[in-house]
Amino acid sequence: MNRRTRCQMIFGLIVPLWGLAQIVPLWGLTTLPSAAQDGPKLESISNFYVVRHAEKTGPRGDVPLTREGHWRAAELRELLRTVPLAAVYSTDYLRTRDTAAPTAVSAGLELELYPPEGRPPVSEWAAALIERHLGQNVLISSHSGGPQDAYSVASIVQELTGEPVAAIPESDYTNLYQVTITEYGEGEARELRRHRLRHRFGPLKQLGTVAVEGELVHERDVSALLAIEDLLLVGVDEGDAIQVLKRVDPSRAIISASHRLGSGKELDIESMARVGTTVYALGSHSRTRPKVAPYDLKTPTALLPQESAAAAGRLGQNRAAAAVALSLHVRSHVGHAAAPKGGGRSHPDAGRAPDSRHVSQHTRQGERH
Amino acid sequence: MFHNIPGKENGIDLEGLAAVGDALYLGFRSPLLRSGFAPILRLTFERPQETELSFVDLGGRGVRELVAVADGFLIVAGPSNDAPLSYLLYHWDGHDMIPGRRGDGDPALGRVLLLGRIPTPPGAKAEGMTVLATTPEHYELLIAYDSAAGGGMRILQAPRVAEDPARQ
């Protein structure tokens, strides 16, 4: 679209009321997981987290972790902090013990050393682990190498899953496997269902920062971001404004406009998504949370044109429909395209004064994009 | 009623919103199912009443941001309460992750890959994310933080998901 063309951005508003009303009938926590009658009980889902030890100080011998290695071990502890672990296994080396130790301490567990006496085949040990830890979460600290290297990460994951696993090269310390095992079926005809996740852990690389020029309202409450070409929409979880920034270079963004979505009530914008030329903003949760004023469709504000207000009122009786049906059209006076490929639709009010904010509000039910 | 109270009081918190085609996906910060699985609700504009719930294993974290990408979603996973936990970036393939929930032999069992930890200034919360650019190897992401001046915006690079060779 021509940069000189003035075009509107359309903000949709997902009113908290609707979805919640919809969720409630579904939200029987006791019935949800067992939705598949023949499926597993959630209680029987086991997770085995299998990790190679972190960076070590030398190529051979029982060498300790490097500074980075200790840092990575702490990272592992943070990663698994929310996982209620039942056991932590480690081989009897400094590097594997020190990799698992922070996590074990945090979980209040002692390290259990393996392989067991007599060094049975990995397949036997893995089968015993599955039996022992049904429905539990377990961390295993191990070594690099391929499936043929007994008690390596690859060999353990392969035996737990029954699927081939690629070797972990000597130089790679970032992998963490999660093997999820579910028991289902009955009696002796028990089968195991398995899947595997491969994790990389460590911080994401930072390429730069973006400084905001101008006054970002509620600058310490930013909770939603959406980039559209060189525009940046910023939502905050205070008030109800979406601020439009223009990225003038990779490290700078200038405030171009601010649009209020509602009646000035608290909306708490948590997330935004774009469908064509429409941007949907997700308001925050609950109806009765004191700081959240729900956007009440039944008492539309003076901002609404009368016919829309009537429509919104009708729709308000059916909250689910109303959520999708109500969208606020806000015209941006940023002087260039915010529309996706193919061009946005032009707004009937597009020629009006650029400082008008809520130019119209209309209902749209079941409209596709 | 759950929906009358926020998650911190055993209600619900929705913090992620993504659009794919004619469907919207809403990610739950809380509650989590059995402390591990975060619900994600899918609905279409066409039939918003017909919702579908998927569960994603975020290792005990909740959805703090949800962004659609070509082959699934990026999820910012963070504490579902106010615990001082780190924020992690996951790629989710869009499929339910509760094994066996849809019956035996379900080929579409979901998967997440942890792409890395989101560096977060002390006291700040990674709450906003958008994709600035996508290359064959990387996503270039812009992250905004709650409780940081000016949103504390940082550009981060995350690896794109390569199919796990072990799955082939």
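Two strands count as paired if DSSP finds at least two bridges between them; strands (E, at least two residues) are DSSP runs, numbered from the N terminus. This is a predicted model, in which local features need pLDDT of at least 70, side-chain atom pairs count only at pLDDT 80 or more, and totals for chains, interfaces and linings use all residues. Residues are numbered from 1 along each chain as its sequence is written, while chains are lettered from A and ligands numbered from 1 in the order in which they are written.

**Exercise 1.** Work out how strands 12 and 13 of chain A are joined, then place them in their sheet.

Solution.
- Start with the pair: strand 12 (residues 241-249) and strand 13 (residues 252-260) of chain A run antiparallel and share eight bridges.
- Pick one bridge: L245(A) has I255(A) in strand 13 as its partner.
- Now widen the view: the open sheet has five strands in the order 9-13-12-11-10 (chain A), with mixed pairing.
- Look at the ends: strand 9 (211-213) and strand 10 (222-228) of chain A each have a single partner strand, so one side of each lacks a neighbour in the sheet.
- Finish with the twist: neighbouring strands are turned by 35° against each other on average, direction ignored.

**Exercise 2.** Now describe the open sheet of chain B, from its strand order to one residue pair.

Solution.
- Read the order: four strands run 5-6-7-8, with antiparallel pairing.
- Find the edges: strand 5 (62-69) and strand 8 (112-118) of chain B each have a single partner strand, so each has one side without a neighbour in the sheet.
- Add the twist, which averages 25° from one strand to the next.
- Zoom in: seven bridges join strand 5 to strand 6 (residues 72-78) of chain B, and V63(B) stands opposite A77(B) in strand 6.

For the twist values, axes are lines fitted to C-alpha atoms, and angles run from 0 to 180 degrees between N-to-C directions.
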